[in-house]
Amino acid sequence: MSVAWILLMPLAGGLAAWIAGRWSDLWPRWISLGTALLHLLLLLATWGVFFAGIETGQGGWLVVYKQPWIPQLGISFHLAVDGLSLLLLLLTSFLTVLAVLTSWRSVTRSVGFFHFNLLLILTALSGVFIAFDLFLFFAFWEISLLPLYFLIGIWGYENRVYATTKFFIITQGSGLLMLLAILGLVVVHWQSTGVMTFDYLELVGTPMSKATAWWLMLGFFIAFAVKLPVVPFHTWLPDAHTQAPTAGSVALAGLVLKIGAYGMLRFVMTIFPQAAADFALAAMILAVVGILYGALLALGQTDLKRMVAYTSISHMGFVLLGIFTWNELALQGAVIIMLSHGFSAAALFMLVGDLQHRTHTREIDRFGGLWAVTPRMGGVGLFFAMASLGLPGLASFVGEFLVLLGAFRVNVPLTVLASVGLVAATIYSLWMMQKVYYGANTGEWKLDDTSGREMAIMASLIGATLWLGLYPQPVLTTSGDALAQMRQFADKARAPASRPPVKEVQGPKAMASIPPDGGRRP
Amino acid sequence: MNVFGALTPIVLLGLTPLVLMLVISFRRSHGLVVVLSLAGLALTVAVLPGVAASTAPPVAPLLAMDAFALFYIGLLSAATMVVVVLSYGYLERAPGNREEFYLLLTLATFGCAVLAASNHFVSFFLGLEILSVSLYGLVAYLRTTRTALESGVKYLILAAASAAFLLFGMALIYADLGTMDFTAMNSVLAGKAREPTLLLLGGFGMVIIGAGFKLAVVPFHMWAPDVYQGAPTPVTAYLTTVSKGAMVALLLRYSQYGGLLDYESVATVLAIIAVLSMFLGNLLALLQENVKRLLAYSSIAHLGYLLVAVIAASREGSHAVTYYLVAYFITSLGIFGIIAALSDERKEADEVSDYRGLFWRRPWVSGALSLMLFSLAGIPLTAGFVGKFYVLTAGVLSDLWALVILLVVSSVIGLYYYLRIIITMYLSAPDDPSSPLPATRRFSLPEGLVLAGLTVLLIWFGVYPAPLLGAIQAAIGSLT
């Protein structure tokens, strides 16, 4: 079976929704919901097939599709799915379903175009996760900007034009930097082999001088660091997240940040292993700075949505830490955080969105005592506050624990500092609960509690968070082979040079023998 | 020897204005003239494949009708056809006689075709002057308005001055090399010591000044904003595309044959011009409120990008220049076409504020315009992106890292003003009825078809560029 349906289906659905929007506001919603649900179901089925393959020892690439696209320049339409891609595809598809649902009532303007943009995000991000040609990857990477640009610019809040322009210019600028790095890599490959190609699998292991590798690695790193975001490059994030409509924030926090992490894993670490290893300490320091800085700024916010945005920076710091630790434990942890943060950030942004829809404000000081008015919403809020602070049994605990465990073997002081971030997360999460749900209802709010639709969204996210927290093994197994393969690529590319400084216990079996948070073996 | 066979496209292009002139003297009819111009241009495009396939020797003393020239003649004629269609709708609403406009337009394209095929300083200068003299008339065609007259005079004076520079430069080069034929120059230069004489360098410098005026690159760009703003919008489209495209074609051929880029100093001068154009164009565009002026500065920046590829004189460089040019033609014609089609007799739709809320009333038009602007900004899925990508590739292949990085930085600056126009279209429409109402004229069928066609091409060449790349590679291959 060709994998092109992963891209074509949401694109077709989006166009249909746009066209249907001419006649009705309801049709685009149903079409998008149907498309996204079908997409999710097909991906789940694919996951089933994939899992069966792993059980019988046939892991690795699931499906490959390759067609020449611009043969003059060695560009091909090369799609492939491995375990890591599959997990992120599932997350993308799942969150898109929720984004459609959460906009059911709050979006009333140009509904068709709105849903087209949502499904275009799904298309572009799916493309990012399965493109194995660097040109194709870059194209999808850039295309994902356009729908977000429109989502924020048209359906956003009061300061949307500023936020969306800033978002677009900064991310596009960093994207062009990556394009230069891609071109540099291709030319280096062309000079050493005489073959002009943009194919990832051929470019992996390109021999190059230390200086070249360093500069090209830096080009990729900065592009991904802007998306992730890593601290000096994060300034677009609070504005964009705050001004975006709820569905846009869900897409940004849940998905777009992940393509930064994905790019680091897939490209920076495997194509430039030695340069990345030399850079690891700096990157890990940046990661810890991000963890602490994000948490600290989250504490200082008066705008609830902005606060959630800053917590994202903090969580993504753990992902970066895990990636540059580059041992199996930490990598697995980073993947789990990518998923768990997708769930919890989406939930928190939707809670803020629901609150704003009811109260028309995001000022933390104007809230208070909402538990008495909206007990169900309060309960959900408490759950995700706990998930965010890393309560054992919930998803982010597994990820952060694994990352810290892995990082501890590489750099103890940084790990200790990163752990302080967990304390800070506890403070800001509880502080948020205090300010919004507990205390006296000073604003004298009288609000409707969560509707059935909102509760269904939250229930699915709670379920996912619990599942990932209590039984993460299927996810670990799925990503295990993909991560092992990346480490092989890196080792092969590094082989002529020195061995990696840190040697770890390797292999999926070794991994499985460390039960994170008492997760039971299958 | 059947030279005439190879020259057929040029002859057809030269006959078109003659026929128009005769027809106009007997019977004035706007529609008829438009149809005849389109027929002449279409016929030219139609004979190109036949000429390319014929065995006629492609090189005449003054004109080289090789695949390169044929490709460019096709491109320029097709672009002129678009301009003709746009002018029809635009001039219908203008006062005075309209028919001579097309006479001048086809004559200008004839000059452009000569430039594209030029193999000799004589044909270079003849082609340039035919183009320039027609453009004086075109720019000032709506002579009852002050701005048109102002820009006409401005263009006349500066173009005449630049032609003088060009002639002097040619004379200096001739004095040094003793030939005006590009191919002969190449062999003379190959036999010479690598150190250029002062005479030769001076000649090159003057030729660059002459060409720089036509391309409106910094520091020869002063005329562009005023002329762009004052000229009738279809003429502005013509100035941006056909007129500059012909000059780029000549520059490509001259740099391949005439040894222009073999000299470090000439390449350095071109690099400085490119960098200045990219930055000054993009920075000054940030300050503009008038869309036509803004696009004038944007065009300066885009020519700067193009020069980077010209300097990357490798073969990929020539391919990149041509691809970029095709993309730029499509995009610019589309944008100016939409501006022209939205304007009506009362108001030219050329202020950024005129576009406020356009999306909510004209979703298709603003969608197409957004795509065009994204293409200028170089966002994937548009032809402009592939063009920019190709230019960057050519630069990187030639190790021009500094230029390439500056290109990227300046195009990030440029993003801002494209986004500004785009986001303006998606803002809510002004409620205040006294604010300048955006023009809301319905498009005529030909206008709509042409603009839709350009949009489709924009996406097609952005998504599946392989066929066009193949055609360009076949054409440029003939140059070396």
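Colleague: How many residues does the contact take from chain A and from chain B?
Modeller: There are 24 residues from chain A and 22 residues from chain B, where contact means C-beta atoms, placed from the backbone, within 7 Å. This is a predicted model, where local features need pLDDT of at least 70, side-chain atom pairs count only at pLDDT 80 or more, and totals for chains, interfaces and linings use all residues. Residues are numbered from 1 along each chain as its sequence is written, while chains are lettered from A and ligands numbered from 1 in the order in which they are written.

Colleague: Which element gives the largest share of chain A's side?
Modeller: That's α7(A), with 13 residues. Helices are DSSP runs of H or I, at least four residues, and strands are runs of E, at least two, numbered from the N terminus.

Colleague: And how do the residues on that side divide into nonpolar, polar and charged?
Modeller: On the side of chain A that touches chain B, 17 are nonpolar, six polar and one charged. Ala, Val, Leu, Ile, Met, Phe, Trp, Tyr, Cys and Pro count as nonpolar, Asp, Glu, Lys and Arg as charged, and the others, Gly among them, as polar.

Colleague: Switching topic: where is A:S93 found?
Modeller: A:S93 is in helix α3 (residues 83-102) of chain A.

Colleague: Buried or exposed?
Modeller: A:S93 counts as buried because it has 25 C-beta neighbours inside 10 Å; the cut-off is 20 or more for buried, 12 or fewer for exposed, and partly exposed in between.

Colleague: What is A:S93 in contact with, leaving aside neighbours within four places in sequence?
Modeller: A:A36, A:H39, A:L40, A:L43 and A:L122.

Terms used:
Two residues are in contact if their C-beta atoms, placed from the backbone, lie within 7 Å.
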